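Trainee: I'd like to learn how to read a structure like this one. Could you walk me through it, one feature at a time?

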Amino acid sequence: MRQVKHRFKHGIFKDVQFIISHRMVFESELSDFAKRLVGLRENAGVSAREMSLAIGRNESYINNIECARSFPSFTAFFYICDYLKITPAEFFDTENPNPVQLNELIAKLKKLNAKQLETLSAFVEQMLACN
């Protein structure tokens, strides 16, 4: 009987450790999500209240996400991306802090001929070398 109690206690301890570690991962992911949303929203030049109302939610909805209190539903997440004029993939591409501006630039680059692209590429390389 003592061995059973020991295993029971040990099993619960492992379960508690598992729950705590996963909660820490969840809270970290929630914080990363919130930070990304803040950055994208600020780049768009809108307030959290304005964005909340524009996607059909109460005025504190975006603020609650940005304060890492909750994740949006999938539907709300798609509305957020649509409002910001980005794709869900662009939302999670943290190496690209300005997806809207990058998309606008790419659209313009597509209109250039090969020589213009070559000249622009050389210019960009020089700019990057100065950093």
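Mentor: Let's start with one pair: the side chains of Arg-41 and Glu-66 are joined by a polar contact of 2.6 Å. A polar contact is a pair of N or O atoms within 3.5 Å; within protein, one must be able to donate a hydrogen and the other to accept it, and residues adjacent in sequence count only if both atoms are side-chain atoms.

Trainee: Before we go on, what kind of model is this, and how are residues numbered?

Mentor: This is a predicted model, where local features need pLDDT of at least 70 and side-chain atom pairs count only at pLDDT 80 or more, while totals for chains, interfaces and linings use all residues. Residues are numbered from 1 along each chain as its sequence is written, and side-chain values use heavy atoms, with hydrogens and water left out.

Trainee: How many salt bridges are there, and what qualifies as one?

Mentor: The rule asks for a side-chain nitrogen of Lys or Arg within 4 Å of a carboxyl oxygen of Asp or Glu. By that rule, you get 2 salt bridges. Arg-41 and Glu-66 form one of them, at 2.6 Å from N to O. That pair links distant parts of the chain, 25 residues apart: Arg-41 sits in helix 1 (residues 2-44) and Glu-66 in helix 3 (residues 61-66). Helices here are DSSP runs (H or I, at least four residues), as strands are (E, at least two), numbered from the N terminus.

Trainee: Are Arg-41 and Glu-66 buried or exposed?

Mentor: Buried means under 20% relative accessible area, exposed over 50%, and partly exposed in between (1.4 Å probe, protein chains only). Arg-41 has a relative accessible area of 10%, so it is buried. Glu-66, with 14%, is buried too.

Trainee: And which residues is Arg-41 in contact with?

Mentor: Contact means heavy atoms within 4.5 Å. Setting aside neighbours within four places in sequence, Arg-41 contacts Val-46, Ser-47, Ala-48, Met-51, Ile-62, Glu-66 and Leu-84.

Trainee: What about the salt bridge between Arg-49 and Glu-59?

Mentor: Their side chains meet at 3.4 Å, N to O. Arg-49 lies in helix 2 (residues 48-54) and Glu-59 in the loop between helix 2 and helix 3, so this pair ties together parts 10 residues apart in sequence. Arg-49 is partly exposed, at 47% relative accessible area, and Glu-59 is partly exposed, at 47% as well.

Trainee: Now the greasy part. How do I read a nonpolar core?

Mentor: In soluble globular proteins, nonpolar side chains tend to be buried together. A nonpolar core is a set of buried Ala, Val, Leu, Ile, Met, Phe, Trp, Tyr and Cys residues joined through side-chain atoms within 4.5 Å. Here the largest one has 17 residues, and those with the most contacts inside it are Leu-37, Met-51, Ile-62, Ile-65, Ile-80, Leu-84 and Phe-91. Helix 1, helix 2, helix 3 and helix 4 (74-84) are the elements that give it two or more residues. Helix 4 supplies the largest share, 5 residues.

Trainee: Which residues of helix 4 are buried, and where do they fall around its axis?

Mentor: An α-helix has 3.6 residues a turn, so residues three or four places apart point the same way. In helix 4, the buried ones are Ala-76, Phe-77, Ile-80, Cys-81 and Leu-84. Seen down the axis, they fall within an arc of 140 degrees (taken from the directions from the helix axis to the C-beta atoms), so they line one face of the helix.

Trainee: What does Phe-91 touch?

Mentor: Not counting residues up to four places away in sequence, Phe-91 touches Phe-33, Arg-36, Leu-37, Leu-40, Phe-77, Cys-81 and Ile-86.

Trainee: Last one: what should I look for in phi?

Mentor: Most residues other than glycine have a negative phi, and most peptide bonds are trans. Ala-68 has a positive phi of about 60 degrees although it is not a glycine, and it is found in the loop between helix 3 and helix 4. Lys-85, just after helix 4, also takes a positive phi, of about 65 degrees. At 67% relative accessibility, Lys-85 is exposed, whereas Ala-68, at 30%, is partly exposed.
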